[in-house]
Amino acid sequence: MSKLNYKHLHYFWTVANEGSIAAAGARLHVTPQSISTQLKSLERHWGAPLFRREGRRLVPTELGETVRGYAEEIFSLGQELDGVVRSRATAAPRRLRVAVVDAVPKLIAYRLLRPTLGDGDNTPHLICREGRLEELLDELVRHRLDLVIADRPAISDANVRLYSHKLIECGISFMAAPGLARGLADGFPDCLDTVPMLLPAGGVPLRHALDQWFADAGVSPRVVGEFDDSALMKAFGHAGIGVFPCADLIESEVAGQYAAVCVGRTDRVGESYYALSAHRRLAHPGVSAIAGGA
């Protein structure tokens with residue numbers, strides 16, 4: 001059996017992404033006839049069609065979707081290899097393009113990212129963004145990001161292959177301003193019943209887990225605020241508006257920064273944080289530092 005021709009595979013991958021031979025030819029600066037010829041050669045190699053036509057677009061067949069998934073990883077690794085070799089050859093700091101999902105607390109994000117900023121000359125140039133998970137995953141797939149730090153694993157499908165690397169897992173501490181905390185004399189978690197509570201907005205994993213835990217514990221806090229931004233939630237907690245949850249991993253930082261005290265802890269509600277990547281292996285030294293630090 002003849003060996004796979006990676007030039008043919010690259011042409012296939014480009015057509016699959018562009019949706020037409022003409023668009024792929026324009027992107028690759030190759031004539032459409034040349035691409036068409038090499039696609040036919042690739043289909044003969046596997047003995048099955050890789051595309052079907054839907055209107056004006058070429059859409060991968062079931063086999064084509066499988067091939068595209070592997071091609072995506074092959075060429076992504078090639079780009080990664082080129083970047084690693086070039087960075088070593090020039091001895092220049094590499095850029096580390098990281099995005100943090102907006103639901104991840106800033107103090108958690110800082111803890112995870114801090115190991116990337118060492119003291120050596122080859123410390124990566126950190127470029128850090130924030131946004132919604134769906135938008136950031138699209139940037140990750142397009143290789144505009146090296147890593148996404150998220151509060152949930154990524155879901156791969158036939159078209160997109162992503163990898164989730166768990167970094168940390170921790171329990172929950174309930175914090176309050178000293179004046180509010182002094183009024184919670186009853187045992188935990190009973191003291192949370194009817195107490196004003198600040199919570200993450202619905203739709204994030206932590207909120208669902210907290211609601212379930214309150215029900216299991218038989219307590220009904222009085223929810224007075226729901227927040228997308230955990231830092232804003234803590235600011236309201238600092239003002240004594242209500243009790244608020246935080247990861248027990250950063251309890252001491254929250255206590256110091258927001259002048260809050262812990263009124264109780266539970267490990268039956270947990271938070272997990274993940275590094276999401278387009279590569280199975282975390283080859284970028286900055287990404288490896290994040291995983292190692294966690």
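This report describes the overall make-up, the nonpolar cores, the aromatic pairs and a surface patch of a predicted protein model.

## Overall make-up

The protein contains 294 residues, and 45% of them are buried. Its secondary structure consists of eleven helices and ten strands.

Contacts between residues distant in sequence are a marked feature of the chain. Among contacts with a separation of 6 or more, 76% join residues that lie 24 or more positions apart.

## The nonpolar cores

The largest nonpolar core has 41 residues, and the members that touch the most others are Val104, Ile108, Val148, Val254 and Leu276. Several elements each supply at least two residues of this core. The helices concerned are helix 5 (106–113), helix 6 (133–141) and helix 10 (251–258). The strands are strand 3 (95–101), strand 5 (147–150), strand 6 (163–176), strand 9 (244–247) and strand 10 (261–277).

Val104 may be taken as an example from this core. When its neighbours within four places in sequence are left aside, Val104 is in contact with Ala109, Ile149, Ala150, Asp151 and Tyr273. A second core, separate from the one to which Val104 belongs, comprises 18 residues, including Phe174, Ala181, Cys191 and Met197.

## Aromatic pairs

Across the whole structure, eight aromatic pairs are found. One of them is formed by Phe12 and Phe51, whose ring centres are 5.2 Å apart. The planes of these two rings stand at 45 degrees to each other, and the pair is classed as tilted. Phe12 belongs to helix 1 (residues 6–18) and Phe51 to strand 1 (residues 51–54); the pair therefore ties together parts of the chain that are 39 residues apart in sequence. Both Phe12 and Phe51 are buried.

Ring pairs also join Phe174, Phe188, Trp213 and Phe214 into a cluster. Phe174 thus appears in two settings, as a member of this cluster and as a member of the second nonpolar core.

## The surface

The accessible surface of the protein amounts to about 15400 Å², and carbon and sulfur atoms account for 51% of this area. On this surface, Val224, Leu232, Phe236 and Ile241 make a nonpolar patch of about 310 Å².

Within the patch, Phe236 is located in helix 9 (residues 230–238). The relative accessible area of Phe236 is 36%, so this residue counts as partly exposed. Phe236 can qualify for the patch because this value of 36% exceeds the required 30% relative accessible area.

Methods: Residues numbered from 1 in each chain as written. Predicted model: local features only at pLDDT ≥ 70, side-chain atom pairs only at ≥ 80, totals over all residues. Heavy atoms only, no water. Helix = DSSP H or I, 4+ residues; strand = E, 2+ residues; numbered from the N terminus. Buried < 20%, exposed > 50% of the residue type's maximum accessible area, 1.4 Å probe, protein only. Contact = heavy atoms within 4.5 Å. Areas by Shrake-Rupley, 256 points an atom, 1.4 Å probe, with all protein chains shown as cover. Patch = residues over 30% accessible without salt bridge, like charges linked within 9 Å, V, L, I, M, F, W, Y side chains within 5 Å. Salt bridge = Lys/Arg side-chain N within 4 Å of Asp/Glu carboxyl O. Core = buried A, V, L, I, M, F, W, Y, C linked by side-chain atoms within 4.5 Å. Phe/Tyr/Trp six-rings, centres within 6.5 Å; stacked < 30°, edge-to-face > 60°.
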